[in-house]
Amino acid sequence: MPRDIPPLAEVRRITEKKRDAWWTVMLVDPVATPLVRWTARHTRATPNQLTWGAFLVGLGSAACFAQGDWRWLLLGAALYHVSFIFDCMDGKLARLTGTGSVFGAWLDFVFDRIRVLVCSVALMGGQYARTDDVLYLWLALAVASLDSLRYIDSLEIFKIRHGMRKQIKARMRAARKAENQAELAFMEDLLRENPEADLETDRDTVAPLEPVAPLETTAADTAPLEGTAAQRSRPAVVDLHQEFRRRFPWWVRCRNFLLRHRIRAHLISGIEFQMGVFIIGPAVDAVVATTVVSGALLLVFELAIIYKLLLSTRDFTRTINSFETAEPLRATTSVSS
C-alpha cells in the first residue's frame, strides 16, 4: 500500500537544497526528485540502500571505462550519471522520510571518494591500455588528487569560517547582552535568505539588511541607554565578506541572480569536475582535453575561494579589533555617566 507522501511541489520544497551545483539543479533534480517521491510512496528503500546502489552502479561505470573503446566509454558515462542521480536521491529520501543518519552521511562521503578513485583508474587505465600513452597514468593521479584537494580544502575552509563566526558571536553576545540588545546576524546569511536583495540599487529590499557596525567607537553608540527599544533590539550585522564585495561589486548581483535559480556561486566544484571527467569527456571521446580543462577550471575556482577566505580573515581581524577599541571607550563612558 502506498505511503502518504505529499505532492511533488511539497517534496521539492522539502528535499531540494536552497543552493546546489548547477549540474544538479539542471540535470539531476528534475529526475531525482520525482523518483524520490515514487520511491518513498511505493517502496521501503532506505537512504543507505540508495547509497549502496549508487556505489554499485558507479563500479559498473568503471568496468565500462576499463574497456577503452568509445562505445564502452559512452555507456560508462551514462552509468556514471545514473550513479550520481542515485547519489543525490539518498539525501533527498533521508530529508523526506526523516530516516537520515550520521553513519549514512559518512557512508555516502566515503563511497563517493572511492567511486571517483576507481573510475579514475579504470578510465585512464583503459585509455593507457589502448594507446600506450603514459599521459593517461598521470591524468589518473591528477584526477584523484584534485578530487581529494577539493574536499579537503572545503572542509578546512568550513572549519576556519565556523571558528571565526564562533569567536565573533562570543564577543558580540557578551557586549550586546550588557546593553539588552539583539546579538548579531551575518550578512552572508541574510543575503542567502534574501537573494532578491541588490545591495547597490534596491534600497527598499536592502534596508533591513544594512550592516550595523559592532560596537562603534563613539560615545553616542556606546551609551547603553540611548536610542529606542526597537533600535536596541535590532541585530548587528557582521559582514565577513565586506572587503571582497568592495573589490568586486559586480559579484553580489551575479551571486544573487544564481541564488534565485538555486545555483551556488561556486560554478566549478567537485561535482562539475567529476561530470567533466567521467561524463562529458567519455561521451565526446575527448578524455584528455576535458580532463585538463575541468581540472584547470576547478583550480581557478578553488584559488578564488582561497582568495575570498584571505579577504574574509582581514574582515574578521578588523571586527575583533573593533571590540578591543570599543571596550575601553565603553568603560570610560560608563564612568562618566
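Start by selecting aspartate 239 and arginine 245: both residues are buried, where buried means under 20% relative accessible area, exposed means over 50%, and partly exposed lies in between (1.4 Å probe, protein chains only). Now show the side chains of aspartate 239 and arginine 245, which form a salt bridge with the closest N and O atoms 2.3 Å apart. A salt bridge here is a side-chain nitrogen of Lys or Arg within 4 Å of a carboxyl oxygen of Asp or Glu.

A word on what is on your screen: this is a predicted model, in which local features need pLDDT of at least 70, side-chain atom pairs count only at pLDDT 80 or more, and totals for chains, interfaces and linings use all residues. Residues are numbered from 1 along each chain as its sequence is written, and side-chain values use heavy atoms, with hydrogens and water left out.

**More salt bridges**

The structure holds 16 salt bridges. Select arginine 262 and aspartate 29 next; their side chains meet in a salt bridge at 2.8 Å, N to O. This pair links distant parts of the chain, 233 residues apart: arginine 262 is in the loop between α12 (250-260) and α13, and aspartate 29 is in helix α2 (residues 22-42). Helices (H or I, at least four residues) and strands (E, at least two) are DSSP runs, numbered from the N terminus. Aspartate 29 has a relative accessible area of 1%, so this residue counts as buried.

Keep that pair shown and add Arg12, Glu16 and Lys92: together with Asp29 and Arg262 they are linked in a network of salt bridges.

For a bridge inside one helix, go to α14 (residues 287-336), where aspartate 315 and arginine 318 lie 3 residues apart, about one turn of the helix. Their closest N and O atoms are 2.5 Å apart in a salt bridge. Are these two partners buried or exposed, in whole or in part? Aspartate 315 is buried, with a relative accessible area of 3%, whereas arginine 318 is partly exposed at 42%.

**Aromatic pairs**

Switch to the rings of Phe, Tyr and Trp (its six-membered ring), which pair if their centres lie within 6.5 Å; planes under 30 degrees apart count as stacked, over 60 as edge-to-face and the rest as tilted. The structure holds 12 aromatic pairs. Select phenylalanine 65 and phenylalanine 278, a stacked pair with 6.2 Å centre to centre and 25° between the planes. Phenylalanine 65 sits in helix α3 (residues 47-65) and phenylalanine 278 in helix α13, so to follow the pair you link parts of the chain 213 residues apart. Phenylalanine 65 is buried at 0% relative accessibility, and phenylalanine 278 is buried at 1%. Now compare the rings of phenylalanine 109 and tyrosine 151: their centres are 6.1 Å apart and their planes stand at 80°, so this pair is edge-to-face. Phenylalanine 109 lies in helix α5 and tyrosine 151 in helix α6, so the pair ties together parts that are 42 residues apart in sequence. Phenylalanine 109 is partly exposed at 43% relative accessibility, and tyrosine 151 is partly exposed at 24%.

One more aromatic stop: select Phe244, Phe248, Trp250, Trp251 and Tyr307, which ring pairs link into a cluster.

**Glutamine 274**

Go back to helix α13 (residues 270-284) and pick out glutamine 274. Glutamine 274 is buried, with a relative accessible area of 3%. Which residue's side chain is joined to that of glutamine 274 by a polar contact? The partner is tyrosine 80, at 2.6 Å. A polar contact is a pair of N or O atoms within 3.5 Å; within protein, one must be able to donate a hydrogen and the other to accept it, and residues adjacent in sequence count only if both atoms are side-chain atoms.

Next, show what surrounds glutamine 274. Leaving aside neighbours within four places in sequence, glutamine 274 is in contact (heavy atoms within 4.5 Å) with Tyr80, Arg113, Arg115, Val116, Asp147, Tyr151 and Ile279. Tyr151 is the tyrosine you met in the edge-to-face pair.

**Out to the surface**

Turn on a surface and select Tyr128, Val134, Leu135, Leu137, Trp138 and Leu141, which make a nonpolar patch of about 580 Å². Helix α6 (residues 135-178) gives the largest share of the patch, 4 residues. Valine 134 is in the loop between α5 (102-131) and α6, and is partly exposed at 46% relative accessible area.

Patches are made of residues with over 30% relative accessible area and no salt bridge, joining like charges within 9 Å and nonpolar side chains (Val, Leu, Ile, Met, Phe, Trp, Tyr) within 5 Å. Accessible areas come from the Shrake-Rupley method with a 1.4 Å probe, and for residues only the protein chains shown count as cover.

Finish at alanine 9 in helix α1 (residues 8-15). Alanine 9 is exposed, at 62% relative accessibility. Draw a distance from alanine 9 to threonine 33: the two are 24 residues apart in sequence and 9.7 Å apart in space, C-alpha to C-alpha.
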